[in-house]
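Q: Got a minute to go through this one with me? I'd like to start with the domains and then get into how the helices and strands pack.

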Amino acid sequence: MSGKKLKFTIGGLVVVLAIGTLAYFAFQGNMVYYYTVQELTAVGPSQNVRVAGDLVNGTLEKGGVGEPIKFKIYDKGAPDRTLFVTFAGAVPDTFKDDPANPVEVVVDGDYLSDGTFDADNLLAKCPSKYEKALDDKTAQGSAPGR
Amino acid sequence: MSQIGYTALLLAVVISAYGIVASLIGARTGRRQFVKSGEHAAYALCGVVALAAIILILALLARDFSFEYVYGYTSRELSWFYTISAFWAGNAGSLLLWLLILAIFMAVVVSQNRRKNRELLPYVISILLTVALFFSVLMIVVKGANPFALNPGGVTPANGAGLNPMLENPGMVFHPVTTYLGYVGFSIPFAFAMGALITRRLGDSWIRSTRRWTLLAWFFLFIGNIVGAWWAYVTLGWGGYWAWDPVENASFLPWLTGTAFLHSVMIQEKKDMLKVWNIVLIIMTFVLTIFGTFLTRSGIISSVHSFGQGSLGPFFVAFIALALALSLGLLFSRLDLLKSRNELDSFVSRETSFLLNNLILVAMAFTVLWGVLFPIISEAVTGNKITVGPPFFNQVMRPIGLVFMLITGVCPLIAWRRASFTNTRKNFAYPAGVSIAVLALLLVFGMRNHWAIASFTLAAFVLATIILEFARGTWVRRQMSGENPAKALGSLTWRNKRRYGGYIVHVGVILVIIGITGSHAFKQEEKATLAKGESMTVGKYELTYDSFNSYVTNEKQVGEVTFTVTEKGKYLATVKPVKEYYVNKDQTWTRIDRSSNLSRDIYVSLLDYSAATGKANVQVDINPLVSWLWIGGFVMALGAIVAIWPDRREQRRLAARYERQARLHES
């Protein structure tokens with residue numbers, strides 16, 4: 001490789017390395033473990049995690065206006081292990097208790113030592129239809145990740 | 001009717017397969033009948049796919065609910081506008097839309113190249129037909145991907161399930177179409193690049209023949225992205241416009257690499273450099289468009305969009321792997337033919353700044369891709385699924401974006417090949433002065449957010465650079481033509497649409513960045529539960545709950561709350577957020593309201609209400625400068641249109657100039 005080409009290749013590598021380092025540290029600082037209900041209950045109390053599960057029919061309790069909602073989620077195929085979730089933010093329009101259309105739920109928050117999950121973010125998705133899947137970002141309490 | 005549609009798809013498979021074989025035989029043996037036959041296959045494909053599309057539209061308009069797809073996405077109450085757009089509301093229909101756009105583009109390409117690129121064209125056709133074959137096979141073979149499937153059991157329900165009210169928004173009608181126009185558009189330069197590699201015709205003709213396609217694809221993909229963001233902002237109601245959701249990222253990635261490609265082919269045309277880099281970029285862009293199409297429907301990454309689980313995944317993965325392997329392999333085998341005539345001369349040159357920003361764009365794309373793919377990778381490798389959200393993406397993109405802006409500003413000020421200190425210093429003086437003045441102003445007015453200060457200062461720098469370019473060009477033009485300044489500016493731009501259209505796009509980008517900076521750095525958000533008459537304070541604004549109205553129609557229950565927005569007692573606006581509940585569909589729809597001006601949006605969402613007590617739970621977001629995002633988007637679109645606008649005189653002038661340069665290099 002000529003001297004000039006070497007110079008530019010190194011220059012390019014420096015840029016890539018700089019960005020890579022930036023990305024690496026940003027990554028390390030913002031990783032969120034994504035668990036199923038069973039995995040989370042096995043891991044125990046954790047902060048700032050994400051859990052996915054299906055809404056257990058009949059467990060959705062809406063408080064009064066402005067009060068948190070409560071519900072349970074479980075892993076499809078393991079109905080005996082449920083997770084009790086409270087959420088005080090804005091409830092997405094897709095989030096509803098319909099036995100005919102199971103709602104997939106993703107919550108971000110803390111798994112507390114009392115066994116409940118304190119969610120600060122709620123995404124709801126209905127897997128059977130595209131247009132219902134679009135809704136899970138509606139009217140959330142705060143922008144995701146804040 | 002569904003039989004005809006399905007048969008049309010089967011024909012599409014057969015015609016594509018035939019066309020591939022015929023074109024390849026024609027190309028290898030030089031027998032013109034085969035080449036012609038391949039071209040006819042491309043036209044025939046267009047006809048057959050158009051037929052399939054028409055059948056689906058007819059079924060939608062006739063409200064034929066025996067079609068599973070028509071049942072799933074429309075209902076008798078749906079307006080005609082949304083009934084037609086339900087064509088692409090779901091997985092199967094959107095695949096057909098992709099194929100339709102591809103077939104039409106292919107027919108145009110064949111027609112455009114009746115008298116040129118004759119060696120390339122058979123290969124171009126066979127590559128495009130391979131993509132078409134892929135999509136047609138998907139629709140025929142994969143469960144849930146057939147737009148003409150009938151309901152299981154052959155039932156014909158009396159009414160359809162209906163379109164989700166969230167999609168009844170003009171933005172959501174245009175977003176998929178423009179995004180797909182963008183995706184498919186990029187397959188044209190990709191096919192030409194591959195054809196150029198195969199035929200070893202690695203001059204500039206493949207770039208020049210596809211330049212307008214690249215610009216159009218870039219333009220449409222951009223519109224798709226920004227309309228998606230707009231829709232998220234006004235309809236989804238969470239107060240923002242971009243959440244780094246995997247599917248948002250999916251259409252952003254090819255746009256990033258496409259932007260890089262767009263710029264670096266300019267360097268190849270002007271300086272005959274970066275030939276390998278350009279091919280790598282278009283391969284990346286094409287693969288990312290397929291990847292983007294895949295992400296919206298695979299269900300592998302939980303996201304806003306995912307069409308849901310399906311068996312489509314393995315097909316897409318296989319196709320992407322094959323496309324990457326073949327195209328990179330082909331590139332590798334032709335490396336010796338891709339030696340550039342010129343080299344980079346100096347770190348401080350326009351070429352280097354172009355390349356640097358190019359590298360940054362690609363690095364941005366890879367970083368975003370990393371964030372998108374990591375959950376899958378980590379699960380495969382360690383068994384733990386790890387995700388990253390907006391904080392990761394924002395943390396990375398912010399500093400990179402600032403460097404990117406700096407280089408964008410510097411680039412037109414530096415000379416080609418090697419910049420000397422004296423003339424660079426002269427060029428820098430005015431823009432640097434302006435940005436220092438802006439910096440001082442910001443500090444004097446009390447701004448302390450470092451990112452915002454840096455962003456606005458650099459924005460001023462870039463804008464000053466661009467204004468300087470326009471001013472210089474106008475001055476020179478006036479010397480020649482004696483026109484008045486306005487006319488000189490207009491004719492300058494119109495006679496050099498490529499260059500000055502591009503500068504207009506850059507102005508738009510800066511405006512978008514200003515909008516993003518304001519709405520992120522200075523965003524304020526509050527939630528409160530109020531009874532009638534009560535107020536809440538958000539930032540410097542006060543919102544008072546004025547009145548409540550609830551009513552019931554035969555399809556929905558509605559709650560409306562009216563707020564008065566004041567600042568220090570002075571009336572500013574009235575906002576009326578609404579919450580609707582569609583009884584039959586058991587579907588809630590939150591409709592935000594906002595008061596919008598150039599300096600900020602006051603964005604109000606009615607989270608919950610009680611008709612009995614009149615209590616309302618609301619979320620209020622103050623998004624400063626967010627309007628500039630939309631204005632900037634509009635300016636970008638406008639600039640792109642100017643740049644794309646056909647101009648034979650300019651084309652001839654530039655072609656002559658490059659030819660002269662090429663001859664100079666040879667001597």
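A: Sure. Keep in mind that this is a predicted model. Starting with chain A, the C-alpha centres of its domain 1 and domain 2 lie 40 Å apart.

Q: Where are the bounds of those two in chain A?
A: Domain 1 of chain A covers 1–31, and domain 2 of chain A covers 32–137.

Q: And how is chain B divided?
A: The assignment for chain B gives domain 1 as 2–236 + 246–263 + 272–297 + 311–332 + 354–366, domain 2 as 420–521 + 628–666, and domain 3 as 524–624. The C-alpha centres of domain 2 and domain 3 of chain B are separated by 41 Å.

Q: OK, helices. How do α14(B) and α15(B) cross?
A: Helix α14 (residues 421–444) and helix α15 (residues 450–481), both of chain B, cross at roughly 150 degrees, and their axes come within 8 Å. α14(B) and α15(B) are therefore roughly antiparallel. The crossing of α14(B) and α15(B) is right-handed.

Q: Which residues make that contact?
A: From α14(B), Tyr430(B), Pro431(B), Val434(B) and Leu442(B) are among them, and α15(B) brings residues including Ile453(B), Phe456(B), Phe461(B) and Leu468(B). By class, the contact of α14(B) with α15(B) has twelve nonpolar, three polar and no charged residues.

Q: What about α15(B) against α17(B), what's the angle there?
A: About 165 degrees, with the axes of α15(B) and helix α17 (residues 497–521) of chain B 10 Å apart. That pair, α15(B) and α17(B), is therefore roughly antiparallel. Is the crossing left-handed or right-handed, you'll ask? α15(B) passes α17(B) in a left-handed crossing.

Q: Who meets whom there?
A: On the α15(B) side you have Trp451(B), Phe456(B), Leu463(B) and Glu469(B), among others, and on the α17(B) side residues including Tyr503(B), His506(B), Ile510(B) and Ala521(B). The classes for α15(B) with α17(B) come to 14 nonpolar, three polar and one charged. Phe456(B) is also listed in the contact with α14(B).

Q: Jumping to the start of chain B, how do α2(B) and α5(B) pack?
A: Helix α2 (residues 32–61) and helix α5 (residues 91–112) of chain B pack at about 145 degrees, with axes 9 Å apart. Their crossing, α2(B) over α5(B), is left-handed. Contact residues include Glu39(B), Tyr43(B), Cys46(B) and Leu56(B) of α2(B), and Gly93(B), Leu96(B), Met106(B) and Val110(B) of α5(B). The contact of α2(B) with α5(B) divides into 17 nonpolar, one polar and one charged.

Q: Switching to sheets. What's the strand order in the four-stranded one in chain B?
A: β2-β11-β10-β9, an open sheet with antiparallel pairing. The edges are β2 (524–530) and β9 (593–596) of chain B, each with a single partner strand, so one side of each has no neighbour in the sheet. On average, neighbouring strands of this sheet are turned by 15 degrees against each other, direction ignored.

Q: How many bridges between β10(B) and β11(B)?
A: Nine, joining strand β10 (residues 600–609) to strand β11 (residues 616–624) of chain B in antiparallel fashion. Leu606(B), for one, has Val618(B) of β11(B) as its bridge partner.

Q: Last one: what does β1(A) pair with in chain B?
A: Strand β1 (residues 31–36) of chain A pairs with strand β1 (residues 385–388) of chain B, antiparallel over four bridges. Tyr33(A) stands opposite Ile386(B) there. Within chain A, β1(A) also pairs with strand β2 (residues 46–55) in the parallel sense over three bridges, and Tyr34(A) has Arg50(A) of β2(A) as its bridge partner.

Notes. Residues are numbered from 1 along each chain as its sequence is written. Chains are lettered from A and ligands numbered from 1 in the order in which they are written. This is a predicted model: local features need pLDDT of at least 70, side-chain atom pairs count only at pLDDT 80 or more; totals for chains, interfaces and linings use all residues. Domain bounds come from an automatic or database domain assignment. Axes are lines fitted to C-alpha atoms, for helices over the stretch in contact, and angles run from 0 to 180 degrees between N-to-C directions. Helices (H or I, at least four residues) and strands (E, at least two) are DSSP runs, numbered from the N terminus. Angles under 35 degrees count as roughly parallel, over 145 as roughly antiparallel, 65 to 115 as roughly perpendicular and the rest as oblique. A crossing is left-handed if the near helix is turned anticlockwise from the far one by less than a right angle, and right-handed if clockwise. Two residues are in contact if their C-beta atoms, placed from the backbone, lie within 7 Å. Ala, Val, Leu, Ile, Met, Phe, Trp, Tyr, Cys and Pro count as nonpolar, Asp, Glu, Lys and Arg as charged, and the others, Gly among them, as polar. Two strands pair if DSSP finds at least two bridges between them.
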